[in-house]
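Me: I have a structure open and some words I want to test against their definitions. Can we take them one at a time?

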Amino acid sequence: MKDNIFELSLNELKDIALSFQSKIKKGLEEESTQVQCIPTYINPNVNIQNGKALVLDLGGTNYRAAVVEFINGRPVIHPINGYKKDLSVMKTSGYTRDQLFKEISDFISQLNLEEEMPIGYCFSYPAQSLSNGDASLIRWTKGVDIREMIGENVGKPLLDYLRNNNIGQFSGIKIINDTVASLFAGLSRSGYDAQIGLIVGTGTNMATFVETNKVKKLDKNFVSGKYIPVNLESGNFTPPHLTMIDDIVDVKSDILGVQIFEKAVSGMYLGEIVKAVFPDTEFENKFDAQKLTQIISYPDIHKVEYVKVATNIYIRSAYLVAASLAGLIKELKEQSPSIKKICITAEGSLFWSENRKGENYKEMVSKELCLLLNSLGYTDLTIEINRIENANLIGAAYAAFG
């Protein structure tokens, strides 16, 4: 048995990349696959010059509301960074849809809206995009479980609630995933042949634009251009070369057998992996990626074995992300061999976390991705990983006008 059970060789990472690519191919053709590749039936309007949109952003634990005003094509957010509220209460047993809608509407009321505008709603949970711009909730993740909303539309019930309670005047609502919002925000940067939206925070996911004719399962009523945004829901990928520790984390989770990649990668689960390695140790309940990076960054105040394991888990997470990106990029290159320059718009506290005693997460992803792409024969690619402030809000505003 190797000393570091979380270590992955280059060949093992290539296996993961190729496995992920094969799951993407299947997801583009069929419904209900492991990597769902959900088409988003919205063409983002990045050419909007003047106008206002209400934007909502519901994430793992935080909720934001703001007005994005386009002035000569430049997005301006009111208030700066939006109103923010901790919505961890969503994880409470018995929490209802009406309670959630009231939280959302109370926040919207604070914006004092005086004119009609569209709504762009960044909804960070697996949802099936509909041809009218709405979405149907597939399942909750990140510890949330409001059962009555599963299988129902996300946008129209909220819009009806706002109208019935005389909260603002709205011309319509468009629903996108946070990863798709990052993807859309990346369009504000020009000069790229392909775009990828990436989230590595509480959860993890990817999105990209795919040639429309490659998505065999498209809604026949949808009229699109050459490309369509696709939300991969990559957190549900089951990669090869995981460990028995990952099996333990899965068994102890509230969602057995799903989101396996997320459980090996994301901030919500990294602490659970450490706990599974040391089952007889009492760690604090909220042991997330932030606490894990503190162990790595301040090794002198933690046990040597904890530091070693936490570091190995942190590195593996970054390498798994690199492998999944390599698999997606390989698929994009096979679809469009002319691609030379790719923009990755990355969001998430884990992705941008810092390690005081070693390489930061983003640097590890970037270096390993380069090695993997070279080993796969793609030596002519330029990959740029960007961070766009308020990407979710900007992407949601582009969607609202789409």
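Me: How much space lies in the largest cavity?

Reply: About 80 Å³. Keep in mind that this is a predicted model.

Me: What makes a space a cavity?

Reply: A 1.4 Å probe fits there but cannot get out. A search of the whole structure finds two cavities of 30 Å³ or more. The second largest cavity holds about 40 Å³.

Me: How do you know which residues line the largest cavity?

Reply: A lining residue has an atom within 4 Å of a point of the cavity. Among those lining the largest cavity are I38, F123, Y125, Q128 and N231. Strand β6 (127-129) and strand β8 (170-176) each supply at least two residues. β6 gives the most, with three.

Me: What classes of residue make up that lining of the largest cavity?

Reply: Seven are nonpolar, five are polar and none is charged. Tyr counts as nonpolar, so Y125, one of the lining residues, falls in that class. Asn counts as polar, so N231 goes there.

Me: Which element gives the largest share of the lining of the second largest cavity?

Reply: Helix α9 does, with four residues. α1, β10 and α9 each supply at least two. By class, the lining has six nonpolar, two polar and one charged residues. Glu counts as charged, so E331 of this lining is in the charged class.

Me: Why is the second largest pocket called a pocket and not a cavity?

Reply: A pocket is an open set of points, whereas a probe in a cavity cannot get out. The second largest pocket has about 250 Å³ of space. It is lined by 18 residues, and D193, F209, V210, K226 and Y227 lie nearest its centre. β10 (204-211) gives the most to this lining, with four residues. V210 also lines the second largest cavity.

Me: Why are α1 and α10 called roughly perpendicular?

Reply: Their axes cross at roughly 80°. Angles from 65 to 115 degrees count as roughly perpendicular, so the pair earns the name. The axes also come within 10 Å.

Me: What makes the two helices α1 and α10 a contact?

Reply: Contact means heavy atoms within 4.5 Å. L10, L13 and K14 of α1 make it with E368, L371, L372 and S375 of α10. These residues divide into four nonpolar, one polar and two charged. Lys and Glu count as charged, so K14 and E368 are the charged ones.

Methods
Residues numbered from 1 in each chain as written. Predicted model: local features only at pLDDT ≥ 70, side-chain atom pairs only at ≥ 80, totals over all residues. Heavy atoms only, no water. 1 Å grid on protein atoms, 1.4 Å probe; cavity = no way out; pocket = protein on both sides within 12 Å on 5 of 7 lines; lining within 4 Å. Points joined across faces, edges and corners; volume = space filled by probe spheres on them. Axes fitted to C-alpha atoms, helices over the stretch in contact; angles between N-to-C directions. Parallel < 35°, antiparallel > 145°, perpendicular 65-115°, else oblique.
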